[in-house]
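Subject: Structure handover

Hi,

The model we talked about is below. My notes on it follow.

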Amino acid sequence: MIYSNIQKQILQKLLTKYESSKTYKGTNSVVQNFSIKPTDIFKEYEKDSTDINVIEDFEKQCKLLESEGLIQLDWKYERISKIISISTEENWNKIRIILGVKDKNTRLKEEIAFYSSVSEKTSSHKIIKDFCKTQIERLQGGKLAEYSLEDANNIIALLSFILQNKNEILERELSISVLANSKSWELKYKTKILRILKKSGYFDSLIENCADEKEVNKVILEECNIFANPSYVYFKGNGTIFFENGTVTKTCSEIPFAISSASIKKINSFEITDSKIMTVENLTSFNRINNSDTFYIFLSGYHNSAKQNFLKKIYSQNAEKEYFHFGDMDPDGFYILENLRSKTSIPFKPYKMGISELEKYSDYTKALEENDILKAKALIDKGFHKEIMEYMLKHNQKLEQEIISWKLKV
């Protein structure tokens with residue numbers, strides 16, 4: 001007999017009840033019955049508005065299971081009131097065969113052995129070891145593992161690749177490389193992997209100032225050199241780039257220049273002839289701004305460790321220059337500034353990010369959101385930008401940098 005999805009759902013729920021019981025564990029002194037309601041499978045079964053043909057089809061499938069000797073049906077007012085298992089070891093084994101599953105104790109031993117073997121590998125990253133340890137503790141504590149063995153195997157393969165990855169790879173390439181399918185990462189595993197990576201605490205210092213979950217996810221993946229699309233660093237100013245293969249490229253203030261994030265690792269040295277170097281938070285302002293004797297850098301996204309190392313390299317070869325950062329006049333913009341300072345040890349000064357700009361462009365300001373208020377207070381508590389944060393809180397104002405670069409054509 002070929003069993004339908006409805007029939008398999010019924011048998012699975014009954015088997016789960018049985019394998020969670022004292023009877024299965026051998027600690028019960030009385031005979032137990034295991035039953036479910038029809039609405040546990042078919043939620044609309046008891047509603048008067050439900051199509052009678054659909055109800056009859058459901059009842060027919062239940063009767064077929066009854067005729068196989070796997071269940072017993074209780075009826076009330078011409079409707080099924082209860083679906084009861086015929087609890088014999090022979091029946092439970094038959095149900096396992098129908099469902100294609102092994103005995104719970106066998107599955108438990110196999111799962112613990114699987115996670116233990118992965119955890120014991122010396123090549124396994126601490127995040128993977130911790131993930132396996134959590135699953136073993138769940139299983140030994142009488143709970144299910146968080147994932148099926150198939151999913152767990154793919155999750156561990158993805159984590160192993162990601163945590164060892166040194167070169168830029170696109171998300172669809174990652175999916176094909178590890179899962180042999182370009183869509184599986186996005187559809188099934190991306191959320192799971194990011195949940196594990198966030199829970200590990202490994203990326204806490206990177207994501208503490210992120211504005212939302214989307215940015216958190218982007219920061220973590222980019223730190224592991226995984227990108228949705230190729231990432232680029234933009235330059236505008238006078239300088240000379242020396243690549244490790246001997247290529248020499250000159251840049252100038254009139255023509256913006258961009259190279260991929262992967263290629264910045266191939267730069268041996270970067271000589272800048274302008275006396276000022278400025279990082280810019282947003283691309284619109286990068287395109288608009290054009291002060292003389294200033295070299296501009298737009299890092300395109302969050303400043304991950306690869307980009308921070310690139311800035312450090314520039315600073316090591318151009319330490320005598322003045323360094324500025326031009327960003328949004330909101331708490332996030334000042335968090336980005338502090339992140340730049342702390343992660344690169346470069347003495348960046350804020351450019352046009354003062355109270356005078358908030359006053360001058362007050363017609364273009366926006367009200368602070370709840371998250372802005374929390375971050376402004378946190379900056380004050382840390383002793384950073386106290387005066388301007390207090391001004392923002394008092395006047396309930398924040399300002400995007402694009403209006404400044406457009407109005408002044410700085």
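Strands S2 (residues 71-76) and S3 pair antiparallel, over 6 bridges. (Helices, H or I of at least four residues, and strands, E of at least two, are DSSP runs numbered from the N terminus; two strands pair if DSSP finds at least two bridges between them.) Lys76 has Arg79 of S3 as its bridge partner. S2 and S3 make a hairpin with 2 residues between them. Tyr77, in that turn, has a positive phi of about 55 degrees.

Before going on: this is a predicted model, where local features need pLDDT of at least 70 and side-chain atom pairs count only at pLDDT 80 or more, while totals for chains, interfaces and linings use all residues. Residues are numbered from 1 along each chain as its sequence is written, and side-chain values use heavy atoms, with hydrogens and water left out.

S3 (residues 79-85) also pairs with strand S1 (residues 35-36), again antiparallel, through 2 bridges. Ser35 is matched with Ile84 of S3, and Ile36 with Ile83. The result is an open sheet of 3 strands in the order S1-S3-S2. S1 and S2 are its edge strands, each pairing on one side only.

Now the other sheet. It is open too, with 6 strands in the order S9-S6-S12-S11-S13-S14 and mixed pairing. Strands S9 (257-260) and S14 (349-350) are at the edges with a single partner strand each, so one side of each has no neighbour in the sheet. Within this sheet, S11 (residues 276-280) and S12 (residues 294-298) run parallel, paired over 5 bridges. Thr279 sits opposite Ile297 in S12. Helix H14 (residues 331-344) packs on the sheet and touches S11, S13 (322-326) and S14. (Contact means heavy atoms within 4.5 Å.) The direction of H14 makes about 150 degrees with that of S13. (Axes are lines fitted to C-alpha atoms, for helices over the stretch in contact; angles run from 0 to 180 degrees between N-to-C directions.)

For the whole protein chain, the count is 18 helices and 14 strands. Its C-alpha atoms fill a box of roughly 90 × 50 × 40 Å along the principal axes. The radius of gyration is 31 Å, whereas a compact globule of 410 residues would be near 22 Å. (The radius is taken over C-alpha atoms; the globule rule is 2.2 Å times the number of residues to the power 0.38.)

Next, the empty space. On a 1 Å grid over the protein atoms alone, a cavity is a set of points where a 1.4 Å probe fits but cannot get out; a pocket is an open set with protein on both sides within 12 Å along at least five of seven lines; lining residues have an atom within 4 Å of a point. Grid points are joined across faces, edges and corners, and a volume is the space filled by probe spheres set on the points.

The second largest pocket holds about 450 Å³. It has 21 lining residues, and Lys104, Arg107, Glu111, Leu139 and Leu144 are the closest to its centre. Helices H2 (22-25) and H5 (104-120) each supply at least two lining residues. H5 gives the largest share, 6 residues. The lining divides into 8 nonpolar, 5 polar and 8 charged. (Ala, Val, Leu, Ile, Met, Phe, Trp, Tyr, Cys and Pro count as nonpolar; Asp, Glu, Lys and Arg as charged; the others, Gly among them, as polar.)

There is 1 cavity of 30 Å³ or more. The largest cavity has a volume of about 60 Å³. Its lining includes Asn167, Glu168, Phe227, Lys265 and Lys307. By class, that lining has 3 nonpolar, 4 polar and 3 charged residues.

One last spot: Ser182 is in the loop between helices H8 (171-179) and H9 (184-199). Ser182 touches Arg172, Ser175 and Ile176, leaving aside residues up to four places away in sequence. The C-alpha atoms of Ser182 and Arg172 are 5.0 Å apart, with the two residues 10 apart along the chain.

Best wishes
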